[in-house]
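Me: Could you take me through one part of this model in detail? I'd like a close look at the largest cavity and what surrounds it.

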Amino acid sequence: MKKTKWLVALGSLGLMMGSFSVVPFDVLGTEGSSSIVEITESSTAESTKESETISILESQTETKTSETTSSTEEVTTPSESKEKIPLDKKQYVVIKNEKVVIYKDLDFSETINLEAIKSEVLMTEEKVLFEEKTYFVLKNTQDKIIGFADEADIELHENAYLEKIALNKYVSLVSSTPVLYKDLELNRSEVLKLEKGQTFLAKEQFNHLNGQTYYSLFDSKEAFIGFISEKEVTLAGSKGGVYQSFGKYATISSKNGVVWGDFDGKVRNQLKNVYENTYSARGKYHHFDGTIYYSLYDNKNKWIGYVNEKEVNIADGRQGTYQAFDKYAVIKSKNYSIWQNFSWKKKYTSNQFLNRTFVAKGKYHHFNGDVYYSLYDLNDKWYGYINKNGTTLTADSQGSYVSYGKYVSVKNSNGSAWSSFNWNKRHNLKDLANQTFLAKGIYYHANGNDYVSIYDRNNKWYGYVNKDFVKIADGRQGAYQSFGKYVTVTKNNYSLWRNFNWKSLGSSNQVYHQTLIARGKYQHFNGDTYYSLFDRNNKWYGYINANGTSVADGPQGIYQSYGKKVTISKKNYSMWSNFSWKKRHNTSSFMNQTMLARGKYQHFNGSTYLSLYGNNNKWYGYLNEDATSIDAEKLARVQKMLNSKYSSPNFGIYVSSLADNSNASVNGNKIFTAASTGKLPAMYYTQKMINEKKLDPNRKYLYTDAINQMPVYSYMRGGAGILQGKPLGSYYSLDTMLNWTAKYSDNQGANFLGYYGANQYDARMRNEISSIIGRTWYSPFQISARENAMLISAMYRQGGQVMRYMQNTVFDNQRIARDLPVPVAHKIGDVGSYRHDVAVVYAGSPYVLSVMTQNGMSYDTISRISNDVYSIMK
């Protein structure tokens, strides 16, 4: 078994006793050293002297004891004879091995557990001689007696250490709570505020008797800090201290200073070159001078150098530290993300705010090498972080001018047009309401609003206007503005536009005097206003310059001076007190009376209402002109014209109103050879039977020569028409015959109609015709202009397909129809020197014109008569 020595310090201590501790000797590593006194049996000389001294003391003690016991009961205390002898100086004690016995007291009845005192520094200042043995009194550093040890079991040393070595090296603390000693007896120093990694100068190394190594520490001011176990420090390679893992991000916060390449004064860079950049502070050094230096790396793992902690700010993450900025930034690039945080949660995209100005209150120089602005508007609303590469800095809160080039219409509001972004008012927007301007540019202000810079057509600048107070238009016409008012077209020479590229849709002449609804309007950049017009059926008529219309108070339209006499021609029409349709009279009480229509209203509902006055200037109300006729006045003028130009026995002319039956004529009752106009009775009566559903127009009848053999009534075989070319025995419908008779003036067709449609001109048919013409009708070959007018008027009133067939004939390019711009339903007739035509002219108020001529009057003459009549009646 290995021999173990234990260390105990000896010295002159008096009679104080207490607990003690021992330290294994073999840990010292210098057995037999000259500084160690080994107490063995061979040290007899000194032991002898000590024994003699103890014997003398014991003798003296016994004498005193015997004197005492002579007067009292004898009491024996074993320790009373064991006197302590002071040593010349304090000695430090090493206990040789773990088998050594340390006695608690000099009764030698109790021992000390060596394990309990092995961490103590033991010393002695006195000894005790007993039964020819020497025992040293063991104390700890607090001067407390630990116990008594046989001199043979311990070694004595003058110092607490075995060896002192000059070191002068830098060491760094391995924790922030190291144990410091004020001496090598390991009395603890007062607690100092220390930091892990803090670096000191270890001037000397002490190999302690307890087997541990201790350093004497000094700070940069040469102040002694204390002794520390080598286990509490790490040797450093320089004044910088030892590397400590740190793993945080640091942002350079100073422009003044340097980046160090080492701790010996080598400069690697200037701080101004890396100012505000964020780096990874992988490690740190607690320098001997008390300063902490961070070891910085960039995002490409390049080492930047060492930087004083006072010249950086430690960040919460890779983004670096927040840096106040307070500058205006305009978002200028698309497809940049605006981040909610630096975990890259997206909040917006830059597209949403392109050209918008924000306040970049702060910025972050991210470890990734990019700079991110923290964006706010002037209402302090935060929008997120954006890479500065997506922005441009600007000096003012309105941001930079952005070309816009759009037309805008100013809303009616209490806003202002500003002269500057210091909010100097230039115009009240109410004064510019609904006008259209060119917004040449726009500013996306940091207050969250957009401001357009507006100019008129003369390039006059009107100021900056909040975009919320204008409507963006699709073109120079401006923005659509709801209008919803009724307007009457008062000019007949304005264009109706399909669009604002000025493609024509028509002319105002098409709707002249009509009342339409202007659902919307455009106040064009050219200074004019254009209405978008619709009728009651929602038909769109286009855009018209407002100068070609007048705005009405309601759907009745505007009052239009008229000043014409009209005849009340229809019963059961209401005469209104107003256009809220309050009834005033009924036309049944005023039939055929003539009144003065001083004015008229062309209502949105499509009707025209006349404002009627009697001869006594009494107002009778508003009456739909459909219940009146103004043809009497027109026909009076026609009569004058006929008298002056066509008063000749070669003419029989009759003109009548289909509205009020007023008429004008020259030789109207003169009987002429009817020619093909004599086919009207058969055409009329056949249509009447069809209308009354007594005949089926599509039933087919036999084409037989019997149709040509009706005495008095049949037209000759041959002549005009196409049926004569068809084979007898064929079958044809009445509808076909009506068409051919009208279109080709077909002789055989007329006979077909007279035979089947008119029931061979039976008495009932003849009576019907007689009642129409006002005399006994006995033959289709003799007729007057007036009688033909009566017949075609009856055909007009009963209606039917025949009237449409009469509008599409092979004779439409001659006589009455030739020059007229309106539909004409007519029947011509020629025989010998007779040239005739009778027609319904579908003018504004349809009328009948019947012209019969003799002695070879030309077709052109009939056309001139038609044109003259139309010029008055249209």
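Reply: Let's start with the make-up of the wall: the lining of the largest cavity has six nonpolar, five polar and no charged residues. In that count, Ala, Val, Leu, Ile, Met, Phe, Trp, Tyr, Cys and Pro are nonpolar, Asp, Glu, Lys and Arg are charged, and the others, Gly among them, are polar. Keep in mind that this is a predicted model, where local features need pLDDT of at least 70 and side-chain atom pairs count only at pLDDT 80 or more, while totals for chains, interfaces and linings use all residues. Residues are numbered from 1 along each chain as its sequence is written, and side-chain values use heavy atoms, with hydrogens and water left out.

The structure has one cavity of 30 Å³ or more, and about 40 Å³ of space lies in the largest cavity. A cavity here is a set of points, on a 1 Å grid over the protein atoms alone, where a 1.4 Å probe fits but cannot get out; lining residues have an atom within 4 Å of a point. Points are joined across faces, edges and corners, and the volume is the space filled by probe spheres set on them.

Who lines it? Ala-674, Thr-677, Gly-678 and Pro-681 are among the lining residues, and so are Trp-777, Ser-779, Pro-780, Gln-782, Ile-783, Asn-788 and Leu-791. Strand S56 (782-784) and helix H8 (785-798) are the elements that give two or more residues to this lining. Helices (H or I, at least four residues) and strands (E, at least two) are DSSP runs, numbered from the N terminus.

Helix H8 also turns up at the largest pocket, giving two or more residues to its lining, as do strand S44 (560-568), strand S50 (628-629) and helix H3 (631-645). A pocket is an open set with protein on both sides within 12 Å along at least five of seven lines. About 790 Å³ of space lies in the largest pocket, and its lining has eight nonpolar, seven polar and nine charged residues. Of the 24 lining residues, Glu-625, Ile-630, Lys-634, Gly-844 and Ser-845 lie nearest the pocket's centre.

One more residue to look at is Lys-688, in helix H4 (residues 680-691). Lys-688 counts as buried because its relative accessibility is 18%, and buried means under 20% relative accessible area with a 1.4 Å probe, protein chains only. Beyond its neighbours within four places in sequence, Lys-688 is in contact (heavy atoms within 4.5 Å) with Glu-768 and Gln-798.

Key:
Buried < 20%, exposed > 50% of the residue type's maximum accessible area, 1.4 Å probe, protein only.
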